[in-house]
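The following exercises concern one sheet and the helices packed on it. Please work through each solution with the structure in view.

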Amino acid sequence: MNIVVMPGDDIGPEIVGAALDVLRAADAAHTLGLRFTEIEVGMASHRRNGTTLTDAAIQAALDADGVILGPCGMTDYPPLAQGGVNIPGTIRKRLDLYANLRPARSRPGVPDARRGLDVLIARENTEGFYADRTMFQGIGEFMPTEDIALSVRKITRQGSRRIAQVAFDYAARRRRSITAVGKQHVLQMTDGLFMGEAYALAGAHPDIAFREMDIDAMAADLYTRPERHDVILITNMFGDILSNEAAALSGGLGLAAALNAGDGHAVANAGHGSAPDIAGRGIANPAGMILSAALLVEWLGVRHGKPAFLAAAAAIQAAVDEALADSGARTGDLGGNGTTQTFTRRVVRALS
């Protein structure tokens, strides 16, 4: 399996390096046959090539079995005309990564984690209210006059059906329960279309429990009764907001794992930023990136029918739990005394 590695900016190289150490240990323990090809992106690429994302990097991602992408410091990028390409957005579009998968659960030893939390958010990743995902040309926001601003929300039947299918596929491997989240009685056409596809799949899968909840009620219920929920099926912007709440309830954004996946490609990309204020200090929490890599290993195992990959992904999860329970290894953002390296070594030791 050829894995393309794009370290990103700021803390990206540090936490991606940690994830690679863990993947190499998992490879050795489970004989996965992983090969890693590192490709510069972000400001390192801009300094060398005049662009944050070269055509060759995009082609390498298309050709790879999977991609690991570190956080990108896009707020510091130059304008697009000067080579400041939005890396995650461009890769998402070119590889058609329509499913953003974000797990969150409470883990032993993590302070402030909400007991009973164990969810997987299946967020539609290509449509919705985000302005860059609604139009063939231009953006989905416009101002007819200087005093009026409008934003278009795009929901398609195909987009709704395929993210619903992903949610049902994951629910079948988890606790066989789905909560579909929106605001159908207000957004009657768009959420109506989205929920219609979800209900159609629910009818075809009577063995999987299905409920619909409004987004505001869901935000409260995730806090008060997290144990009620397993897979959460949700549209783009609502999913972005709810996944950050779930990450906070799991103990902090440093644990925010994410996989962007489509039918033929997947990119592990932690659900937090590049944290330039702590770059190079050795204190960044690599857990989210490590757990994102585990999601990629699991995806490869399912896609290619490789039980060893599924076992390796589960082993990485267990090793991270073991490291998080150790205050000497756990990083400072989670109340521990560890560093990026001590945490990584603790995970590797648990795998070995």
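**Exercise 1: the buried face of α7**

In helix α7, the buried residues (under 20% relative accessible area, 1.4 Å probe, protein chains only) are I215, M218, D221 and L222. The model is predicted: local features need pLDDT of at least 70, side-chain atom pairs count only at pLDDT 80 or more, and totals for chains, interfaces and linings use all residues. Residues are numbered from 1 along each chain as its sequence is written, and side-chain values use heavy atoms, with hydrogens and water left out.

Task: determine how the buried residues of α7 are arranged around its axis, and what covers them.

Step 1. Viewed down the axis of α7, these residues lie within an arc of 115 degrees (taken from the directions from the helix axis to the C-beta atoms), so they line one face of the helix.

Step 2. Their cover includes β5, β8, β9, β10 and α8 (236-250).

**Exercise 2: the sheet**

Task: state the strand order and identify the edges.

Step 1. The open sheet has 10 strands, ordered β2-β1-β3-β12-β11-β4-β5-β10-β8-β9, with mixed pairing (at least two DSSP bridges between two strands).

Step 2. β2 (35-38) and β9 (209-214) each have a single partner strand, so one side of each has no neighbour in the sheet.

**Exercise 3: around β9**

Task: describe how β8 and helix α6 relate to β9.

Step 1. Strand β8 (residues 177-182) runs parallel to β9 and is joined to β9 by six bridges; I178 stands opposite F210 in β9.

Step 2. Helix α6 (residues 190-204) lies across β8, β9 and β10 (231-234).

Methods: Helices (H or I, at least four residues) and strands (E, at least two) are DSSP runs, numbered from the N terminus. Contact means heavy atoms within 4.5 Å. Axes are lines fitted to C-alpha atoms, for helices over the stretch in contact, and angles run from 0 to 180 degrees between N-to-C directions. Buried means under 20% relative accessible area, exposed over 50%, partly exposed in between (1.4 Å probe, protein chains only).
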